[in-house]
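Here is a short note on the model, set out as numbered points. It covers the fold, the core, the charged pairs and the surface.

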Amino acid sequence: MSLAFVKKDDKQIHVVIDAGHGGIDRGALHEEVAEKDIVDAITTKIKLQNKDADVVLHFTRIGDEFVALSDRTAKINEIKPDLVLSL
């Protein structure tokens, strides 16, 4: 997975990674692999690969916790990000 940005000024880019599912909400299940675990692995990989100080990552959940959709959207609206990536 790769994300790239073209900056037109020195402004920081705020990106929200909306990690769906988690906790009691496992999402889809296929051969004992839960969607929430795949989402968590992708979220962790994104966090570790971002080395650009001008790209500020915000996450709607960290780890295996359930966060209601209404709480996730409220957080996104509060941040007012340049980009939202929903997993």
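**Notes on the predicted model**

1. Aromatic contacts. The structure, a predicted model, holds zero aromatic pairs. A ring does take part in a contact with a charge: Lys47 lies over the face of Phe59, at 5.4 Å from the ring centre.

2. Fold. Two helices and five strands make up the secondary structure of the protein. In sequence order the pattern reads β-β-β-α-β-α-β. The C-alpha trace spans about 45 × 25 × 15 Å along its principal axes.

3. Burial. The protein has 87 residues, of which 24% count as buried. The cut-off matters for the points below: buried means under 20% relative accessible area, and exposed means over 50%.

4. Core. Which residues form the largest nonpolar core? There are six: Ile13, Val15, Ile17, Ile46, Val55 and Phe59. Strand 1 (13-18) and strand 4 (55-59) are the elements that give two or more residues to this core. Strand 1 gives the most, with three residues. As background, nonpolar side chains tend to be buried together in soluble globular proteins. Phe59 thus appears twice in this note, as a member of the core and as the ring under Lys47.

5. Salt bridges, overall. The structure holds four salt bridges; three are discussed here. In general, side chains of opposite charge can pair when their charged atoms come close.

6. Arg72 and Asp18. These two form a salt bridge, with the closest N and O atoms 2.6 Å apart. The pair links distant parts of the chain, since Arg72 is in helix 2 and Asp18 in strand 1, 54 residues apart. Are the partners buried or exposed? Arg72 has a relative accessible area of 12%, so Arg72 is buried. Asp18, at 6% relative accessibility, counts as buried as well.

7. Asp82 and Lys11. The side chains of Asp82 and Lys11 also meet in a salt bridge, at 3.0 Å from N to O. Asp82 lies in the loop between helix 2 (69-79) and strand 5 (83-86), and Lys11 in the segment before strand 1, so the pair ties together parts that are 71 residues apart in sequence. Asp82 is partly exposed at 42% relative accessibility. Lys11 is partly exposed too, with a relative accessible area of 47%.

8. Asp64 and Lys36. Here the side chains meet in a salt bridge at 3.2 Å, N to O. Asp64 sits in the loop between strand 4 and helix 2, while Lys36 is in helix 1; the pair links distant parts of the chain, 28 residues apart. The partners fall in separate burial classes: Asp64 is partly exposed, with a relative accessible area of 49%, whereas Lys36 is buried, with 14%.

9. Surface patch. Val33, Ile38 and Ile42 make a nonpolar surface patch of about 220 Å². Ile42 is placed in helix 1 (residues 35-49). Its relative accessible area is 30%, so Ile42 counts as partly exposed.

How values were computed
Residues numbered from 1 in each chain as written. Predicted model: local features only at pLDDT ≥ 70, side-chain atom pairs only at ≥ 80, totals over all residues. Heavy atoms only, no water. Patch = residues over 30% accessible without salt bridge, like charges linked within 9 Å, V, L, I, M, F, W, Y side chains within 5 Å. Areas by Shrake-Rupley, 256 points an atom, 1.4 Å probe, with all protein chains shown as cover. Helix = DSSP H or I, 4+ residues; strand = E, 2+ residues; numbered from the N terminus. Buried < 20%, exposed > 50% of the residue type's maximum accessible area, 1.4 Å probe, protein only. Core = buried A, V, L, I, M, F, W, Y, C linked by side-chain atoms within 4.5 Å. Phe/Tyr/Trp six-rings, centres within 6.5 Å; stacked < 30°, edge-to-face > 60°. Lys NZ or Arg CZ within 6 Å of the ring centre and 35° of its normal.
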